[in-house]
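Here is a friendly walk through one protein chain. Have a look at the sequence and the 3D view, then read on.

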Amino acid sequence: QVELVESGGGLVQPGGALTLSCAASGTIFDRDDMGWVRQAPGRQREQVALITTVGMTRYADSVKGRFTISRDNGKNTVCLQMNSLKPEDTAVYYCVATEYSDAGGPMDFWGKGTLVTVSS
């Protein structure tokens with residue numbers, strides 16, 4: 001069974017930094033695209049970062065230059081380094097894995113999320 005477990009969320013001051021981590025198990029991690037999605041009350045769900053199986057990355061415009069996604073295939077982990085945090089970054093952040101299958105197409109797996117609160 002695929003399991004994604006996020007950690008690292010918490011309360012941080014505006015302008016501060018946090019690093020989120022996601023530990024994956026039950027999947028062939030090397031074959032999965034990995035991403036971070038956030039959801040805030042009253043706001044549209046947003047994919048903030050994606051890293052492919054070969055290390056290519058893309059970011060939402062709202063976080064470009066501030067967030068960095070990385071992966072360690074040997075440790076089956078993906079991280080999101082968040083710098084210069086703003087109150088509008090407050091959200092539940094979910095780790096998402098996309099596993100590709102020739103037979104059934106892509107399949108997404110979600111973690112339970114970790115809360116990031118940016119506030120004074």
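## The cysteines

The sulfur of C79 lies 8.7 Å from the closest cysteine sulfur, the one in C22, which is too far for a bond. To count as a disulfide here, two cysteine sulfur atoms have to be within 2.5 Å. Before going further, keep in mind that this is a predicted model, where local features need pLDDT of at least 70 and side-chain atom pairs count only at pLDDT 80 or more, while totals for chains, interfaces and linings use all residues. Residues are numbered from 1 along each chain as its sequence is written, and side-chain values use heavy atoms, with hydrogens and water left out.

So which residues form a disulfide? C22 and C95 do, with their sulfur atoms 2.1 Å apart. A search of the whole structure turns up one disulfide. The link of C22 and C95 is left-handed, with -80° about the S-S bond. This pair ties together distant parts of the chain: C22 sits in strand β3 (residues 18-25) and C95 in strand β9 (residues 91-99), 73 residues apart. Strands here are DSSP runs (E, at least two residues), helices are runs of H or I with at least four, and both are numbered from the N terminus.

Are these cysteines buried or exposed? Both C22 and C95 are buried. That word means under 20% relative accessible area, while exposed means over 50% and partly exposed is in between (1.4 Å probe, protein chains only). C79, at 22% relative accessibility, counts as partly exposed.

## The chain as a whole

The protein chain has zero helices and 11 strands. Its radius of gyration is 14 Å, close to the 14 Å that the globule rule gives for 120 residues, so the chain is as compact as a globular protein of that length. That radius is taken over C-alpha atoms, and the rule is 2.2 Å times the number of residues to the power 0.38. The C-alpha trace spans about 50 × 30 × 25 Å along its principal axes.

Of the 120 residues, 38% count as buried. Contact means heavy atoms within 4.5 Å. Among contacts between residues at least 6 apart in sequence, 53% join residues at least 24 apart.

## Strands side by side

Four strands make an open sheet in the order β1-β3-β8-β7, with antiparallel pairing. β1 (3-7) and β7 (67-72) stand at the edges with a single partner strand each, so one side of each has no neighbour in the sheet. On average, neighbouring strands of this sheet are turned by 15° against each other, direction ignored. For such angles, axes are lines fitted to C-alpha atoms (for helices, over the stretch in contact), and angles run from 0 to 180 degrees between N-to-C directions.

Two strands pair if DSSP finds at least two bridges between them. The table lists three pairings, each with one facing pair of residues.

| Strands | Sense | Bridges | Facing residues |
|---|---|---|---|
| β7 and β8 (residues 77-82) | antiparallel | six bridges | S70 and C79 |
| β2 (residues 10-12) and β11 | parallel | three bridges | V12 and V118 |
| β9 and β11 | antiparallel | three bridges | Y93 and T114 |

β11 (residues 114-118) is worth a second look. In a regular strand the side chains alternate between the two faces of the sheet. Along β11, T114, V116 and V118 point to one face and are buried, while L115 and T117 point to the other and are not.

## Three loop residues

D89 belongs to the loop between β8 and β9. Is D89 buried or exposed? D89 is buried, with a relative accessible area of 0%. Leaving aside its neighbours within four places in sequence, D89 is in contact with R38, R66, F67, S84, V116 and V118.

S84, one of those contacts, is in the loop between β8 and β9 as well. S84 is partly exposed, with a relative accessible area of 43%. Most residues other than glycine have a negative phi. S84 has a positive phi of about 50° although it is not a glycine.

N76 also has a positive phi, about 55°, and is not a glycine either. You'll find N76 in the loop between β7 and β8. With a relative accessible area of 22%, N76 is partly exposed.
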